[in-house]
Amino acid sequence: MALRRVTPGLKDKTLATSRVRKNSDIDLLFKPKPGVVQDPVYRWDPRTQRMVLIEGQMIGDVYKKEDAAAVVQSVENILLTNDFEKPYLPFFGANIRSMLFETVENYTEELVRSEIIKSVQLYEPRATVVNVEFWDSNKKLPQGMVILREQIHNSVVIKVEFKIDNYQESFVAKVNMNRLR
Amino acid sequence: MTTPTTIKSSELDFQNLKETLKTFLKQSGEFHDYDFEGAGLSNILDVLAHNTHLMALIANFSLNESYLVTAQLRPSVVSLAESLGYIPDSKKSAEATVNLTINAVGVPGLAEVAVLQPGELVLRGSKDDIDYTFTNRDALIANAQGTGVYTFTPFDAPDEPIKVYEGVERDQNFIVGTEEDTVYVVPDPSIDIETAIIKVFADQGSSVVDGGSAFNIYTNLLDATTIDEASRLYVLREAPNGYYELTFGNGNSLGQAPTAGNVVNVNYLRNRGKEANNIRSLTLKQPISISETEISPDNIAVTMLSTTAGGGDKETIESIRKNAPFQYAAQNRMVTSLDYSSLILKKFSTFIEDIKSWGGEDDPRPDYGKVFTSIVWKEGLDNSTITEVRKGIIALADDFSIVSFDLKFTDPATTYISTQTFFQFNPSMTGINSSTIRSNVERNIAKYFEENTGKFDQVFRRSNMLTVVDATDPSVLSSRSNTVIQRRFLPLLNYEYNYEQTFPTALQVPDASAEATIYSSLFTYKNQICFIRNKLLDRVRLTEQGQATQFRVGPSRALEVVTQSGRVLIENVGEYFPEQGRVVISGLRVQNVPGGKNYIKLFAVPANQSVVVSELNNIIKFDPEESFTKAIVVETR
């Protein structure tokens, strides 16, 4: 029979604790929160019978993206970035836009899909891609990117469905690819 | 939340800067996504880090470009050198000395005295199917004295031969305005500033006809020995864009300046630098007229006295960096020995490969009141050119040296080094065969000597050479080498003569080896092939005078002449002095030197084979003919 050594004053049960990492990022829209207006100039608006701000700079803080929204923004950034765009990290991004000028082949769809999965896996460890779909503006496209040419709207929406650590539900990031002519 | 510390922005590297910013954000605690490259915050950090990185680089470049030792851009180096009063060399025209004789016997109406202005003697030279133009830059004069034969000489130096310079003559005119301190830019990077002639005409009318009513010739500031309010001086120097800019004094500090309405004429040679060196033949390119009568080319004789030499390209950045501080230290006067080297090199750099000057008091045979100069000339210079340059150097020393100090030329003394190199070689560690490895080792040894010897004040270090040998290939495991030094002397054939050679280092004492310390190459004496060596079986007295006499038999300092079979032909032909490195050969009558050579090699084993230092006028060179390498095949690793 094995003996159990018990140190006086210590409990024999392992205490499991979790450390929640908070995700918080800057909102890239850079829209300021309503706050102080610097050097304001107001004018009386007779129609609304109120003073209206006509000049001045809103200097409120920027909005923040928090929790899952921060991760979604990050994934969107990866999808929208091409090779050589990020300084000193030349192969960062899914490089999707560069595909616009490539010849469309049978394997193009798979190529885009694998690029997306690979780059998200590499640069956004908090997210895991579960599905990549190609849509017309409101209709899922059949398999095979060659059919793209026949789409009347000249646009393809790439929907990337992914999971985020510590969240049960899936999230979706979209990239709109348009042909002008 | 911890209090944010200051951001360290002194890092140059982008990644370090970004890490610093992340550290700052980590401490602020407001944003957490800085570690994810896709995050918006990461994009902002990229911009900030990139901006800081760029600013840091600009600051670094700016600082580097602010100092002569670190500046990389030519405009910066030129500008910094000029702040030390150093004007970098422009392209230099190749020059040659010629005689010009015109036979005009029977041609009526010619004046007795004929003058050729600068640019009126135009010659053509050809090299590699490219034509070059040579022209005179000094006025030439000849007096036929009723003979009808005109022999031209320089107007200012009738005893000197005529000098012609390579280049196509160009003129650039500027009208002087009312602005002060005007800079006149000559838009030509191929100008030779030394042969440029700057004339200032009174007005535009007088400038139309060269030699017309009124013009003054200005002098280069660098050639001026005195400056007063009446001096007419100019400065022509390289501008940041590679062109040349001309400036004058302001009427006070550097003598007279041109006034408004004057016309400044810059007459210069657009030259091709060193490409025009080593041309051996010049012919007349343009007709010559005397008293407005054109002389038939058949009656004009141009004789070259020297091949063309002295052409050079713009001074390189590294040369400017090296010379400017010395030139500044010299302050345009010759006081220290370095001043002599610096000023001579500045003036005659296109003729000189290397120069060394030292005071007479430092010479092995002290000669007070003298300055010794030894020069390694550039390849291809003939004797007459060297003589001309030496004259120029003496004239320069007369202008700039301290009174009562004389300049004395000493030829460089070359000491040759031959090496016997053995290296251990493991064939299993390489795919290259033994003979290829051996030739690679030999090539590396030759390269070591090429890079480290051949100039003054250079040192041969055996360990450095062996490092190069070891680095030839991983299969070369180790190496060792013996060093032998060598001087060459020209024997006076069939005359009994004394010879003395001084090596730049101490020599091995006789009893350090059973083999000869001193030996020579073969020569003929009394119809027998023989050589000199120090005696190997001599009776050497071991005790002082007054003590019981004891001898030993072995090598000594005495020299003998022996045949290849070891038969002694002359018992005592001189002696060598190990400490002084001196070998004295007395009363040797050499009949002939076999092998088509006119010199005898005198070999010596140095006391310290690890290092040979060249001092004063000594130069070390490699003698591959007497060197050998041997691969010793081993199986160890």
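Visitor: What makes Gly85(B) worth a look after H3(B)?

Guide: In this predicted model, Gly85(B) follows H3(B) and has a positive phi, near 80°.

Visitor: Which residues of helix H3 of chain B are called buried?

Guide: Helix H3 spans residues 74-83, and its buried residues are Ser76(B), Val77(B), Val78(B), Leu80(B), Ala81(B) and Glu82(B). The word applies because buried means under 20% relative accessible area.

Visitor: Why would positions three or four places apart point the same way?

Guide: An α-helix has 3.6 residues a turn, so such positions end up pointing the same way. As for H3(B), its buried residues pack against strand E12 (233-238) and helix H5 (317-330) of chain B.

Visitor: Why is Lys274(B) called exposed?

Guide: Let's set the value against the cut-off. Lys274(B) has a relative accessible area of 51%, and exposed means over 50%, so Lys274(B) counts as exposed. You will find Lys274(B) in the loop between strand E14 (263-270) and strand E15 (282-284) of chain B.

Visitor: What makes the positive surface patch?

Guide: Lys274(B), Lys322(B), Lys378(B) and Lys455(B) form the patch. It is called positive because Lys counts as positive, and like charges are joined into a patch within 9 Å.

Visitor: How do you know that Tyr599(B) and Phe489(B) come together in space?

Guide: Their C-alpha atoms are separated by 5.4 Å, although the two residues are 110 residues apart along the chain. Phe489(B) is also one of the residues in contact with Tyr599(B), and contact means heavy atoms within 4.5 Å.

Visitor: Which other residues does Tyr599(B) touch, and where does Tyr599(B) lie?

Guide: Leaving aside neighbours within four places in sequence, its contacts also include Arg488(B), Leu490(B), Pro491(B) and Val593(B). Tyr599(B) itself lies in the loop between strand E33 (582-589) and strand E34 (600-604) of chain B.

Visitor: How do you know that contacts in chain B join residues far apart in sequence?

Guide: Take the contacts between residues at least 6 apart in sequence: 69% of them join residues at least 24 apart. Chain B has nine helices and 37 strands, and buried residues make up 46% of its 637 residues.

Visitor: What pattern does chain A follow, and how many of its residues are buried?

Guide: Along the sequence, chain A reads β-β-β-β-α-α-β-β-β, that is, two helices and seven strands. Of its 181 residues, 31% count as buried. Its accessible surface comes to about 13100 Å², with 54% belonging to carbon and sulfur atoms.

How values were computed: Residues numbered from 1 in each chain as written. Chains lettered and ligands numbered in written order. Predicted model: local features only at pLDDT ≥ 70, side-chain atom pairs only at ≥ 80, totals over all residues. Heavy atoms only, no water. Helix = DSSP H or I, 4+ residues; strand = E, 2+ residues; numbered from the N terminus. Patch = residues over 30% accessible without salt bridge, like charges linked within 9 Å, V, L, I, M, F, W, Y side chains within 5 Å. Areas by Shrake-Rupley, 256 points an atom, 1.4 Å probe, with all protein chains shown as cover. Salt bridge = Lys/Arg side-chain N within 4 Å of Asp/Glu carboxyl O. Charge placed at Lys NZ, Arg CZ, Asp CG, Glu CD. Buried < 20%, exposed > 50% of the residue type's maximum accessible area, 1.4 Å probe, protein only.
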